[in-house]
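User: I would like a close look at one part of this protein, namely its interior: the nonpolar core and the cavity beside it. Please begin with the overall setting and then work inward.

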Amino acid sequence: MGILSWIVFGLIAGVLTKWIMPGKDSDGFIVTVILGIIGAVVGGWISTLFGFGKVDGFNTGSFAVAVVGALVVLFIYRKLRS
């Protein structure tokens, strides 16, 4: 999966994650996208590590992994900021 795909997945996953897990974050759109990209990468790494499968393109499974990873990263980010 190319870097452009990760950026697109990260953008969508970051926005969806903020919708799923709303909060009083004063972070802007750029931070949301960055957290989404990091979450997509972390989600893909964890998925491969635990044998749930590879993240191998634009499909539902890869998107779910990206969103779950972004949720984890956003949760950790909020705990570190508080």
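Among contacts between residues at least 6 apart in sequence, what percentage join residues at least 24 apart?

Analyst: The model is a predicted one, and the values that follow are computed from it. Among contacts between residues at least 6 apart in sequence, 75% join residues at least 24 apart. The protein contains three helices and zero strands, and its elements run α-α-α from the N terminus on. Of the 82 residues, 35% are buried.

The core comes next. In soluble globular proteins, nonpolar side chains tend to be buried together. Here the largest nonpolar core has six residues in all: Phe9, Ala13, Ala40, Ala66, Val67 and Ala70. Helices H1 and H3 each supply at least two residues of this core, and the largest share, three residues, comes from H3.

Phe9 and Val67 may be taken in turn as members of this core. Phe9 lies in helix H1. Phe9 counts as buried because its relative accessibility is 3%, against a cut-off of under 20%. The C-alpha atom of Phe9 is separated by 9.4 Å from that of Val33, a residue 24 places away along the chain.

Val67 belongs to helix H3. With a relative accessible area of 8%, Val67 is likewise under the 20% limit and is therefore buried. Once its neighbours within four places in sequence are left aside, Val67 is in contact with Ala13, Leu16, Thr17 and Ile20. One of these partners, Ala13, is itself a member of the core. Over a separation of 30 residues along the chain, the C-alpha atoms of Val67 and Ile37 are 9.7 Å apart.

Ala70, also part of the core, has contacts with Ala13, Thr17, Leu35, Gly36, Gly39 and Ala40 when its neighbours within four places in sequence are set aside. Among them, Ala13 and Ala40 are core residues too.

Thr17 appears in the contact lists of both Val67 and Ala70. Thr17 is placed in helix H1 and counts as buried because its relative accessibility is 2%. Not counting residues up to four places away in sequence, Thr17 touches Val67, Ala70, Leu71 and Leu74.

The cavity brings several of these residues together. Rolling a probe the size of a water molecule over the atoms shows where empty space is left. There is one cavity of 30 Å³ or more in this model, and the largest cavity holds about 40 Å³ of space. Its lining consists of Gly14, Thr17, Lys18, Thr32, Leu35, Ala70 and Leu74. The elements that give two or more residues to this lining are helix H1 (3-20), helix H2 (29-49) and H3. H1 gives the most, with three residues. By character, the lining divides into three nonpolar residues, three polar and one charged.

Core and cavity can now be related to each other. Ala70 is a member of the largest nonpolar core and also one of the residues that line the largest cavity. Thr17, another lining residue, touches Ala70 and Leu74, both of which take part in the lining as well. Leu35, also in the lining, is in contact with Ala70.

A residue outside this interior offers a contrast. Arg81 is found in helix H3, which spans residues 60-81. Arg81 is exposed because its relative accessible area is 53%, against a threshold of over 50%. The side chain of Arg81 makes a polar contact of 3.0 Å with the side chain of Tyr77. Helix H3 thus holds both the exposed Arg81 and the buried Val67.

Technical notes: Residues are numbered from 1 along each chain as its sequence is written. This is a predicted model: local features need pLDDT of at least 70, side-chain atom pairs count only at pLDDT 80 or more; totals for chains, interfaces and linings use all residues. Side-chain values use heavy atoms; hydrogens and water are left out. Helices (H or I, at least four residues) and strands (E, at least two) are DSSP runs, numbered from the N terminus. Buried means under 20% relative accessible area, exposed over 50%, partly exposed in between (1.4 Å probe, protein chains only). A polar contact is a pair of N or O atoms within 3.5 Å; within protein, one must be able to donate a hydrogen and the other to accept it, and residues adjacent in sequence count only if both atoms are side-chain atoms. On a 1 Å grid over the protein atoms alone, a cavity is a set of points where a 1.4 Å probe fits but cannot get out, and a pocket is an open set with protein on both sides within 12 Å along at least five of seven lines; lining residues have an atom within 4 Å of a point. Grid points are joined across faces, edges and corners, and a volume is the space filled by probe spheres set on the points. Ala, Val, Leu, Ile, Met, Phe, Trp, Tyr, Cys and Pro count as nonpolar, Asp, Glu, Lys and Arg as charged, and the others, Gly among them, as polar. A nonpolar core is a set of buried Ala, Val, Leu, Ile, Met, Phe, Trp, Tyr and Cys residues joined through side-chain atoms within 4.5 Å. Contact means heavy atoms within 4.5 Å.
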